[in-house]
Amino acid sequence: MVCLGNICRSPLAHGILESKLSNDHFFVDSAGTASYHIGEKPDHRSITVAKSKGIDISKQKARQFIEADFDRFDIIYAMDKSNYDNILSLAQNEEDKRKVRLILNENPSITNKAVPDPYWGNMSDFEYVFEILDETCEIIAKKLLI
Ligand code: 4NP
């Protein structure tokens, strides 16, 4: 799960998908394309929204997406088109490129394909991000478990 800072959107996507899959069979992680927040915990508003839904993301630590992630992961979900383009710019070959997806393309009921960045917003923006990621991760988890 990849966003810009790895403190608002991707930590939520990481925690939500992880909560829907078995740790024995799947490894879920998140990263940011930028280096601004490396080593930080998720934004307190993401922690609060996740906690209110029974998901603890407070132990996550922000890191930057690196080229080696293409070898460590089978699927790389970007939160928006800018994240998607930044990830693709690090791809070394066609196999790397095929792993990168826009997360909301998995959800046919959402037409705007960007997970809105809630960083400059308020709690209701974080709640909306949680809702669309929860709905989308449910679809992703069902597909992975077939
Ligand atoms: P995120 O949100 O990409 O969902 O983690 C942001 C976090 C920090 C900044 C921008 C977006 N920033 O400019 O520091």
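This passage walks through the overall fold of the protein and then the place where its ligand sits. The model is a predicted one, so every value below is computed from predicted coordinates.

Starting with the big picture, the protein is built from six helices and four strands. Following the chain along its sequence, these elements come in the order β-α-β-α-α-β-α-α-β-α. The radius of gyration of the protein is 14 Å, and the globule rule gives 15 Å for 146 residues; the two values are close, so the protein is as compact as a globular protein of that length. As for overall dimensions, the C-alpha trace spans about 40 × 35 × 35 Å along its principal axes.

Now for the ligand, which is found in the second largest pocket. Around the ligand is a shell that takes in the run Cys3, Leu4, Gly5, Asn6, Ile7, Cys8 and Arg9, along with Tyr36, His37, Asp117 and Tyr119. Sorted by character, the shell residues come out as six nonpolar, three polar and two charged.

Some of these neighbours also pair up with oxygen atoms of the ligand. With glycine 5, the partner is a polar backbone atom, 2.8 Å from a ligand oxygen. Cysteine 8 likewise uses its backbone, placing an N or O atom 2.9 Å from an oxygen of the ligand. Aspartate 117 brings in its side chain instead, with an N or O atom there lying 3.1 Å from a ligand oxygen. On its own the ligand has 360 Å² of accessible area, and the protein covers 90% of that.

How values were computed: Residues are numbered from 1 along each chain as its sequence is written. This is a predicted model: local features need pLDDT of at least 70, side-chain atom pairs count only at pLDDT 80 or more; totals for chains, interfaces and linings use all residues. Side-chain values use heavy atoms; hydrogens and water are left out. A residue is near a molecule or strand if one of its heavy atoms lies within 4 Å of it. A polar contact is a pair of N or O atoms within 3.5 Å; within protein, one must be able to donate a hydrogen and the other to accept it, and residues adjacent in sequence count only if both atoms are side-chain atoms. Accessible areas come from the Shrake-Rupley method with a 1.4 Å probe; for residues, only the protein chains shown count as cover. On a 1 Å grid over the protein atoms alone, a cavity is a set of points where a 1.4 Å probe fits but cannot get out, and a pocket is an open set with protein on both sides within 12 Å along at least five of seven lines; lining residues have an atom within 4 Å of a point. A molecule sits in a cavity or pocket if more than half of its atoms lie within 2 Å of its grid points. Ala, Val, Leu, Ile, Met, Phe, Trp, Tyr, Cys and Pro count as nonpolar, Asp, Glu, Lys and Arg as charged, and the others, Gly among them, as polar. Helices (H or I, at least four residues) and strands (E, at least two) are DSSP runs, numbered from the N terminus. The radius of gyration is taken over C-alpha atoms; the globule rule is 2.2 Å times the number of residues to the power 0.38.
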